[in-house]
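Visitor: I am new to this structure and would like to know how its descriptions are arrived at. Could you take me through the reasoning step by step?

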Amino acid sequence: MSKTPKWRPVFGEKLPPGFKPPTHEEDQPSVNNSSTNAVSSRPLEPSNKHNSKTSIKSAAKPNAVPQKKLKPESWPDYFAKMDPMERILLAFTVYRQPKDVSIDQFYSYNYDSFRYLDRDLLGPDYPEAIRIISKWKKAGLMVEGRYSNLLSLEKGVTEAFWQFINDQVYPELLKLEPLRSYAADLSGTLDNIFNFLVMVEQGEVSITRAREVNKNSLKRVLAALTEPARPDKLFTMESYFFWLLGVVNFFKLISAKGDRLALTALGRELTEQIIVEDLLCQIFPFHLNTIPNKGFFLMLPLLVNCTEWTSWTQKASKLIPADFSRALFPRDRVISLLDPMRFLGLLDWGEYQEDILVRLTPLGQFIIPKLLKMQKVEDYVSEIKCLIDQVYPTTGPDTAYVQPNFEILLPRSASWSTRWQLSQFALLEQQDQMLKYRLDKNYLMNALKRGVPASEVLALLTKLSAYPLPENLVLTLQQWVESFGQVTFVQLSLLECTTPEQAASIASSRKYREYVLGLYSPTVVIVRDTEKLRKLLEKQGIFPLPGVLDGKGVAERLRSSDEV
C-alpha cells in the first residue's frame, strides 16, 4: 500500500477547500469517494494556522433547557436565545438534514461531526454536544427516527431557521466597492479541465507509484493551464491544479494506466459532447457537503441576498460575536472558502482593506436558494443551461479560420467535439475571444504516432475552414505526412537455412506450423518460440547452431565474410 502523500500548501494553508483530506489512523475522518483507480489529488481545503487543534468554548446555559416541546411559532424565540456555538451547529445540521442518525454519529472522529468546527478548530466536548442535542430533542427540533436511539430533523425546522437567520441581517445602506476584485471564472475552469484532458489523452501526464502526478508532468500541465485572477501570497497554480484534479476525479474522468493517466469511458464521452449543466448539478451539492467549516453554513443563507458587494465581516457580526468570528473566519480561511465557489461561477469576491466583500453571480443567485431548500437542482436543468450559456456557450459556430502562417482561429463558443478533434494535431497557443491553434510538425508527428489517421488532418481542416485552405499550407502538410513512416524498425526471430528447399520444407511442414509465421526470404523463415522450435527440429534430425545470434552477432558475421 502506498504511503499517504504529503500535502502541500494550498491557498496559503496546509489543506485546500472542496474535498476531504486523507484518512489518518489517529482520527479517521471521512474521505472523498473517488475511484480507486484515480490519481491521487491533493486536499483542497486550507485550515486555520494553529500549533495544535484549538477549540472554542461556549458557556453552558442550563436554565435555557426547555422543559417541553415548543410549537413552531416559538422556534424563532428559541433560536434567538442560542449561544454562538449552538447556532453554528444548528445551521450545519439544518443544511445536512440528518435522518435516522445516532448520537454517536453526531460526535464521531469525522470532520462532519460536532467534534470539529473546522479542520484545525475543535468544537464542543462530548458532554456539551450531548447537552445541545438533548435541548433540540426536548424543544422538538429533533425527533426520534425509525428506532428510539435514532434522531431526525423535524419537518419545518429548515425553513424556520433559515428565515430566522435572514431576519437578523438588514440590507446595508453603505455601498462598498472592493479595492481589488476577483470575478467568477467558470469558463476558465471548464477550459482548463478540457486542456488537462487533452494532455491525458496524449499520454503527457505521468504518475508515480503513489499515483501522484510526477514533477516533470506537473510543470507541463501548469504551463498549459490558464491562470485565473488570484490574490497575492494566498494562491498558487499548483494548488489550483489540484483543485481541478479533485473535480476531475469526482466525475471519474481519468484513471491510472501503468505509469500514466488515461481517460475513462466517461472522460471520452465528456470530450465528445459536454453538457455543462449536468456536471454542475452534480458538483454544486457535493462541493458544499465537503466544506468542513461549520460556520460557513451559518453564512450561506445570508449570501442569497448578496446581489451587490457585501461585507463578509459585517454579515458575520450580526450572528456571532467578533472574537468567535475571528477564530472561525480568519481572512485567509474566508478566501479559501470563497475561491472554489468563484471557480464554479457562483460568486465574485473582492478585497476591501482587511475585509472581504462578496457578490453572487446570476447563477449563484439561482442555485444557492435551491440548495438551502434541499431542492434537487437537476430539476432546473433548463434554467441553469440558460444561465450557463451566458458565460460559457458551446453551441458554435464551429467555423475555423486557417491562416497561411499555419495559425488556426476558432471561436471560443465552438463545441468541445470540434475543439477536441482539432487539439489532436494542432497546438493550442492562446485562449481569448478566439482560440488560436498552430500547426507544428513535431506536434503533428506525435499525433500520427498515437494513431491519428493522416487523411483526417486535411479533411477536418477543409470541413471547418470558412474559406479554401491556403495552398502553401496544404503542400507543407502533405510533405510532413509523407515523411512519416518512411522507415520502420523490425524485431524478428529468424531461422536461416542453407538452401531454399530446406526453408520451404520447414515453412510448409505441419510439424512446425505452430512456430512458423512465414518466409522472410527464400532461405530465411520467420519463427517464434525459438527454443521450443529448436527441440522439435532436433527430434527431426535438424541440429541448429547453439545459441541465438543478436544484431551484433549478425553484423560481425557479415563483416567477417566481407573480409574473406
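Guide: A helix here is a DSSP run of H or I that holds at least four residues, and helices are numbered from the N terminus. Please keep in mind that the model is predicted. Just after helix α2, Gln 97 takes a positive phi of about 50 degrees.

Visitor: What makes α2 a helix, and how does its reach compare with the one expected?

Guide: A run needs at least four residues, and α2 has 13, from 84 to 96, so α2 counts as a helix. From its first C-alpha to its last, α2 reaches 19 Å, which is close to the 18 Å expected at 1.5 Å a residue. At the start of α2, a side-chain oxygen of Asp 83 comes to within 3.2 Å of the backbone nitrogen of Met 85.

Visitor: Why is α2 called mostly covered?

Guide: Buried means under 20% relative accessible area, and 12 of the 13 residues of α2 are buried, so the helix is described as mostly covered. Among the buried residues are Met 85, Arg 87, Phe 92 and Tyr 95.

Visitor: How many aromatic pairs does the structure hold, and what makes the one between Tyr 107 and Tyr 126 edge-to-face?

Guide: The structure holds 24 aromatic pairs. In the pair of Tyr 107 and Tyr 126, the centres lie 5.4 Å apart, within the 6.5 Å limit, and the planes are 70 degrees apart, which is over 60, so the pair counts as edge-to-face. This pair links distant parts of the chain, with Tyr 107 in the loop between α3 and β3, and Tyr 126 in helix α4, 19 residues apart.

Visitor: Are Tyr 107 and Tyr 126 buried or exposed, and how do you know?

Guide: Tyr 107 has a relative accessible area of 13%, under 20%, and is therefore buried. Tyr 126, at 39%, falls between 20% and 50%, so Tyr 126 is partly exposed.

Visitor: Why is the pair of Tyr 111 and Tyr 116 called tilted?

Guide: The planes of Tyr 111 and Tyr 116 are 55 degrees apart, neither under 30 nor over 60, so the pair is tilted, with 4.7 Å from centre to centre. Tyr 111 is buried at 10% relative accessibility, and Tyr 116 is buried at 4%.

Visitor: How do you know that Arg 115 lies over the face of Tyr 109?

Guide: Arg 115 is 3.9 Å from the ring centre of Tyr 109, within the 6 Å limit, and the arrangement also requires an angle within 35 degrees of the ring normal, so Arg 115 is said to lie over the face.

Note on methods: Residues numbered from 1 in each chain as written. Predicted model: local features only at pLDDT ≥ 70, side-chain atom pairs only at ≥ 80, totals over all residues. Heavy atoms only, no water. Phe/Tyr/Trp six-rings, centres within 6.5 Å; stacked < 30°, edge-to-face > 60°. Helix = DSSP H or I, 4+ residues; strand = E, 2+ residues; numbered from the N terminus. Buried < 20%, exposed > 50% of the residue type's maximum accessible area, 1.4 Å probe, protein only. Expected span 1.5 Å × (residues − 1). Polar contact = N/O pair within 3.5 Å; in protein donor to acceptor, adjacent residues only side chain to side chain.
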